[in-house]
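Trainee: I'd like to go through this one slowly and ask how each label is earned. Could we look at it together?

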Amino acid sequence: MSESRANASSLELGGPPTPTTMEPQTEKVRTPRGRPSLQSRKSSMNGPLYMQTSGNKVLIRRVKRKGDGPMRSLARWFLDNQTGLSFNLIALIFLAHMFIPKARPHTSKFFTLSYYNPATEKYAIGPNDYHFISFCIIFFTGLRAGLMEHVLAPLARQWGISKRKEITRFSEQAWMLVYYCVFWTLGLYLYVNSPYYLNMRELWTDWPTREIGGVMKAYLLAQWAFWVQQVLVIHIEERRKDHYQMLTHHFITITLISTSYCYHQNRVCNLILVLMDVVDLFLPLAKCLKYLGFSKLCDVTFVVFMVSWFIARHVFYLMTCYSIYKDVPVEIPDGCYRGPNSNLTGPFPVPDGWSHWLEPFSDPEGTVCLTASVRYCFLCCLLGLQVITIYWFCLIVKVAVRVIRGDGADDTRSDDEEMEEEEEEFEYEEAQPLEEEVGVESIDLKGWERRTGVKRGASSSGVSLPGHSDRKELLGRIGCEKQVD
């Protein structure tokens, strides 16, 4: 990364003025003459400096980009400071928990699971779960930014990636790979050790179960928090060309996770997450291999990714949707329940109105109903997600055609945008150096003596020539001592 600065003489603190004075005249660059050429920008405008040089001009790089409004500037500020903000908030929570005993009942909600039942050794759900979700959002934000900046980006440079945008893309994909390696493995563990493993009908038995295990609860809340954090990420970072498809996908995913959690459909939620997340192991890996230059290995990984996508998201996923349509009416007749898990009453008829639809989100022991309307709402969200994945799969097929032709795998969804120079987006100001020739006699030696505290020294002969020794010392400091007899 180039970090060129303006050409200027280096002087000691309190040193005398140089014969050449700089009078910056700042003006907006509006013509091609005032803007650096593409070649000079590539060589000297690559770094994050606020003042850089191009030829004989000083270009002052402004933080504000063209077209940025207040909200976009705020997003950029948050992007630049997300690591510090996140971990400072986390540190504040833990410090308050340690040193303010009265705050512990409130601060503990952020980093521990709430509603533990010692009798069953399981957890209920409730409003305090939102504290844990908030903590996970902050934690994921700081962890993602910290890993990308201090671990993954340095690794990318060490492994030979030099372009700034490619380093950013590599860091993003490597973070996704780390996340899914952890959470897909955890989700698969919960699925394999469950009664509904490879048994669709068991997804719907014993409903509603209003208590779940601690690992399952932490897994679902962390996944919920991750997707909320992803919505923040796509708004504070540079927008990709599939921004609105991603935003729609994220909102549908958040709706499905939150509704499944509050309606006690945790089993099917676990299965859907496992099916969706397995694909996201291979896609980030393929992209990382592409940025590292392993084209053949990238193509092989992409083929595995494509096969896993089709099987997981268009075969098993649709089988799950069909089970909702066919098995749920048989296993869960229409009706409502009320009360805690230890004193559950029901089923009773569905009440009139619409309030019972929202009651599971506000009162975890209140009325929860599963009717044909609720069932079809779940199906609509799941099929809406399927439409988006079908659209993406069509783009993947185009990539596969390129692989067959020998052009290499490249994700057409978001990573093939033009690699424009980042400096194209900035506003520049120009400071034109104006030189003024001054004589030696014009230098104010007395003023310099007062500012620096340098006293006039006597000559070796004991005769003091006023101004001579000071002038010689001063000119010696600026490289002109040979001109003085």
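Mentor: Happy to! Let's begin with one cut-off: a residue is buried when its relative accessible area is under 20%, exposed when that area is over 50%, and partly exposed in between. Keep in mind too that this is a predicted model.

Trainee: What makes Cys369 count as buried or exposed?

Mentor: Set the value against the cut-off. Cys369 has 1% relative accessibility, and buried means under 20%, so Cys369 counts as buried. The relative accessible area of Cys336 is 0%, so Cys336 is buried as well.

Trainee: Why are Cys336 and Cys369 called a disulfide?

Mentor: The label needs two cysteine sulfur atoms within 2.5 Å. In Cys336 and Cys369 the sulfur atoms are 1.8 Å apart, and the two form a disulfide. Searching the whole structure gives 1 disulfide.

Trainee: Which parts of the chain does the pair tie together?

Mentor: Cys336 sits in strand 6 (residues 335–338) and Cys369 in strand 8 (residues 368–370), so the link joins parts that are 33 residues apart in sequence. As for its handedness, the torsion about the S-S bond is about 110 degrees, so this disulfide is right-handed.

Trainee: How do you know that Cys377 is in no disulfide?

Mentor: Its nearest cysteine sulfur belongs to Cys380 and is 6.4 Å away, whereas the cut-off is within 2.5 Å. Cys377 therefore fails the test and is in no disulfide. With a relative accessible area of 36%, Cys377 falls between the two limits, so it is partly exposed. Cys394, at 45%, is partly exposed for the same reason.

Trainee: What makes strand 6 and strand 8 a pair?

Mentor: Pairing takes at least two bridges. Strand 6 and strand 8 have 3 bridges, in the antiparallel sense. One link here is already familiar: the bridge partner of Cys336 in strand 8 is Cys369.

Trainee: Why are strand 7 and strand 8 called edge strands?

Mentor: They belong to an open sheet of 3 strands in the order 7-6-8, with antiparallel pairing. Strand 7 (345–348) and strand 8 each pair on one side only, and that makes them the edges. From one strand to the next, the twist averages 20 degrees.

Trainee: Where does pLDDT stay under 50?

Mentor: Residues 1–54 are one such stretch, and the model has 112 contacts beyond four places in sequence for them. Residues 458–467 also stay under 50, with 4 such contacts. Where pLDDT is low, the predicted coordinates should not be read in detail. The chain averages 79, and 69% of the residues score at least 70.

Technical notes: Residues are numbered from 1 along each chain as its sequence is written. This is a predicted model: local features need pLDDT of at least 70, side-chain atom pairs count only at pLDDT 80 or more; totals for chains, interfaces and linings use all residues. Side-chain values use heavy atoms; hydrogens and water are left out. pLDDT is the predictor's confidence in each residue, from 0 to 100. Contact means heavy atoms within 4.5 Å. Helices (H or I, at least four residues) and strands (E, at least two) are DSSP runs, numbered from the N terminus. Buried means under 20% relative accessible area, exposed over 50%, partly exposed in between (1.4 Å probe, protein chains only). Axes are lines fitted to C-alpha atoms, for helices over the stretch in contact, and angles run from 0 to 180 degrees between N-to-C directions.
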